[in-house]
Amino acid sequence: MRIILPLVALGLISDSVHGFTVFHPPVVLNTNTRTVTKRHGLYSTATPTTGTQEKDGLVVGDTKGAVLLLEDVAISRGSNQIIANAELRIERGQRWGIVGANGAGKSTLLGCITGTVRKDSGKALVAPKVRVGYLRQTAVAGSNKTVFEEAASEMADINEAKAKMEMAETAITNGDTSDAMLIMLDEATSEFTAAGGWTQEQEVSLVLQGLGFQPEDSNRLCSEFSGGWQMRIALARLLLSKPNLLLLDEPSNHLDSSARDWLGKYLAAFDGSLVLVSHDTSLLEASVNNIAEVTSGTLLTYVSCSYSRYLEEKEFRKKVAQAEYERNLAEAAHLQAFVDKWGASATKAASAQSRVKQIEKMRKEGKLTPPPAAVVQTNWKPSMILPDPPKAMGEILLSLNNANIGYDADGEPLLKNINFELRRGQKVILRGPNGAGKSTLMAALRGSLSLLSGERNENEKLRLGYFTQDLAQQLDKSARAVDLVTAHAREGKFGDITISDEDARSVMGRLGLTGEKSLRKVADLSGGEKARVALSMFALKASNVILLDEPSNHLDVECIEALSNALNNWNIKDGAIVVVSHDQPFCESVGFNTVGTVKDGSLKVEERALDTSDWRLFDMTLPESSDKNASMPKELTPEEKEEQKRLRKLAYNAPKQIAKLEKLIEAAEAKLLTIEEEMLEIGTDIGRLVDFQKKKEKIEKDILKYEREWEELEEILASVGEQ
Ligand SMILES: Nc1ncnc2c1ncn2[C@@H]1O[C@H](COP(=O)(O)OP(=O)(O)OP(=O)(O)O)[C@@H](O)[C@H]1O
Ligand SMILES: [Mg+2]
């Protein structure tokens with residue numbers, strides 16, 4: 001018989017204090033091998049005690065062939081039940097996106113898989129021999145190594161083979177030329193080669209570069225980097241550790257648009273299993289093909305569904321469930337009417353009785369119970385109103401004249417000779433490549449970073465409002481949320497001492513921090529709820545210049561919409577907005593009229609709207625990193641030669657086959673369109689809708705199959721072309 005031991009019990013969790021965890025290959029013990037070695041001071045075979053802080057580790061068990069299996073999981077935080085009846089099965093190689101409103105329980109769910117949050121009941125099992133990598137929502141690298149060393153530190157296969165190789169080399173140099181030692185060196189060298197050891201440096205550099213590091217950053221100490229960049233180091237280290245199951249909690253929050261694009265492509269090409277919690281719709285669209293939504297206290301799954309398809313499917317499920325329920329109610333009412341009319345009649349009493357039984361049967365089958373809230377509920381939408389901007393003197397609200405901006409008074413400024421006038425009515429978006437200095441320019445505009453030289457001039461009546469994701473991270477965790485919001489509105493030169501707790505709570509309530517949530521300590525709120533506290537602080541104070549630096553990170557889709565609506569309804573005639581944001585839907589809805597490009601130490605300001613080419617401008621493509629042994633050309637084995645022959649043959653026929661598949665896809669898509677139109681016309685006839693839905697699913701499956709074949713053939717053509 002097997003017993004399942006929490007991995008913490010085996011001391012197998014490393015580095016969990018830094019928000020990044022790799023769970024090394026798990027072990028399933030037999031009952032007769034109960035002795036467990038204590039490592040890293042973590043040891044606990046007992047079932048977890050109560051509370052939310054204890055770590056019971058990842059649980060390895062029989063997942064029935066899946067990589068990860070959740071069965072009937074229920075979790076509470078404090079006295080609130082967050083999730084119940086959660087079921088999820090993640091197969092090898094599947095990529096799942098976990099979505100849901102702020103505070104729905106997404107991080108809690110990952111916490112229960114990795115053992116940082118305790119389950120009330122149910123099972124969360126990981127298959128044996130799976131290396132799990134986990135990135136927390138607030139990860140930091142927390143290390144004194146260089147960026148390169150830290151990023152490479154968890155490449156276990158390479159590092160182990162390297163250590164073995166070096167050990168054998170030293171022994172041989174010292175005179176041990178025994179067969180055993182030579183074999184060991186040979187083995188270690190093969191392992192090192194297979195793990196990609198010869199190209200490790202390139203691989204690490206490619207990942208660091210993808211995440212926005214400059215080549216010279218590799219040798220800098222991690223401790224020199226800000227929180228956001230530390231998170232990138234943790235992410236680089238995690239990706240390079242090559243887990244088989246990757247659990248990422250909002251990994252893109254600290255990334256700019258090129259790094260996000262890079263991550264999307266990296267994850268799409270990742271060949272392990274992925275669970276990605278994110279509010280970033282572009283990242284989800286690019287990298288996952290299954291969705292699980294945490295909603296109304298449970299988990300709804302959408303298998304083989306991109307993010308955009310999930311939105312449609314969710315709407316469809318809702319309509320079908322509602323229509324079916326209404327049809328059942330109508331049928332029951334019809335049956336009841338017969339009973340009421342003829343129940344007392346001697347001749348029809350038997351028929352009436354049979355109808356009573358039919359109604360009873362419907363009730364027992366749950367047909368007369370309203371569909372679950374998780375399926376039909378329309379999400380409650382947060383809203384936000386910004387106070388009118390106080391009138392300023394003249395047109396110019398804020399300006400920088402001949403400003404040199406940077407952090408090192410003796411070094412080169414990051415931005416040179418900046419001249420910028422912010423006028424009433426301007427909605428400015430700042431764009432630019434990684435590290436160009438967008439946030440630095442924001443800090444200079446805000447006045448929190450002194451200029452190295454030049455001038456910063458404020459309008460006499462300037463009232464600055466500022467919101468950034470870092471603000472949420474910096475909130476005093478031990479304070480009550482409502483107290484922070486009230487204090488912020490009252491303090492400072494322009495503070496309003498008449499603002500009451502009630503005022504603060506009503507702004508917070510509109511943003512979803514209702515009831516006891518506003519009275520909670522900041523530490524007991526989710527990442528997005530903390531961001532909403534910071535947003536409430538910003539929303540309660542009147543300002544005529546609004547500076548927003550990556551405002552949408554951590555916020556869910558609906559809260560971002562509330563923010564963009566508030567900005568649109570704000571009286572821009574008397575104020576101005578400056579934004580740094582990667583979030584395309586958000587930027588499009590704000591509707592900028594000025595584009596500032598920060599690049600090569602300068603700022604170029606154009607009075608125009610954003611266009612699509614602005615989004616492509618600073619994108620990076622995923623570097624070719626798949627060929628691990630690129631620097632070591634080698635002789636092909638007979639098997640490899642045979643495989644090459646087979647591929648060439650396939651490639652010869654591929655163009656014809658591809659053309660055929662393209663026709664098939666085109667025809668199937670046309671069919672799909674007709675079916676969708678017909679479904680719209682059918683309306684609420686559930687019987688027919690269900691038939692049509694089946695047809696639709698069949699065609700969608702066919703399309704997927706054709707597309708896969710098409711992709712395979714294209715890949716074969718490309719690979720043969722490269723040879
Ligand atoms: N330490 C805690 N004590 C009590 N309640 C908590 C604690 N941490 C989180 N919660 C609550 O649990 C719920 C789920 O939080 P969780 O962090 O899982 O949300 P989430 O879906 O990840 O949200 P977000 O999108 O904001 O990251 C929230 O209502 C939150 O307020
Ligand atoms: Mg979260």
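**Sheet strands, ligand shell and Trp 342**

Reader: How many bridges join β19 to strand β20, and in which sense do they run, parallel or antiparallel?

Author: Strand β20 covers residues 545-549, and 5 bridges join β19 to it, with the two strands running parallel. Strands are DSSP runs of E with at least two residues, helices are runs of H or I with at least four, and both are numbered from the N terminus. Two strands pair if DSSP finds at least two bridges between them.

Reader: What kind of model is this, and how are residues numbered?

Author: The model is predicted: local features need pLDDT of at least 70, side-chain atom pairs count only at pLDDT 80 or more, and totals for chains, interfaces and linings use all residues. Residues are numbered from 1 along each chain as its sequence is written, while chains are lettered from A and ligands numbered from 1 in the order in which they are written.

Reader: Back to β20, then. Which residue stands opposite Leu 547?

Author: Tyr 466 stands opposite Leu 547 in β20.

Reader: What is the strand order of the sheet?

Author: The order is β19-β20-β21-β17-β22-β23, an open sheet of 6 strands with mixed pairing. Its edge strands, β19 (464-468) and β23 (602-606), each pair on one side only.

Reader: How do β22 and β23 pair?

Author: They pair in the antiparallel sense over 5 bridges, and Gly 596 has Val 605 in β23 as its bridge partner. The two strands form a hairpin with 2 residues between them, and Asp 600 in the turn has a positive phi of about 45°.

Reader: And which strand does β17 join through 4 bridges?

Author: Strand β17 (residues 427-431) is joined to β22 (residues 594-599), and these run parallel. Arg 431 has Thr 597 in β22 as its bridge partner.

Reader: A change of topic: which residues come nearest to ligand 1?

Author: Of the 20 residues around ligand 1, the nearest are Lys 106, Ser 107, Thr 108, Ser 526 and Gly 528; a residue counts as near if its C-beta atom, placed from the backbone, lies within 6 Å of the molecule. Helices α1 (106-114) and α16 (527-540) each supply at least two residues of this shell.

Reader: Lastly, is Trp 342 buried or exposed?

Author: Trp 342, in helix α9 (residues 307-342), is partly exposed because 16 other C-beta atoms lie within 10 Å. By the rule used, 20 or more such atoms within 10 Å make a residue buried, 12 or fewer make it exposed, and partly exposed lies in between, with C-beta atoms placed from the backbone.
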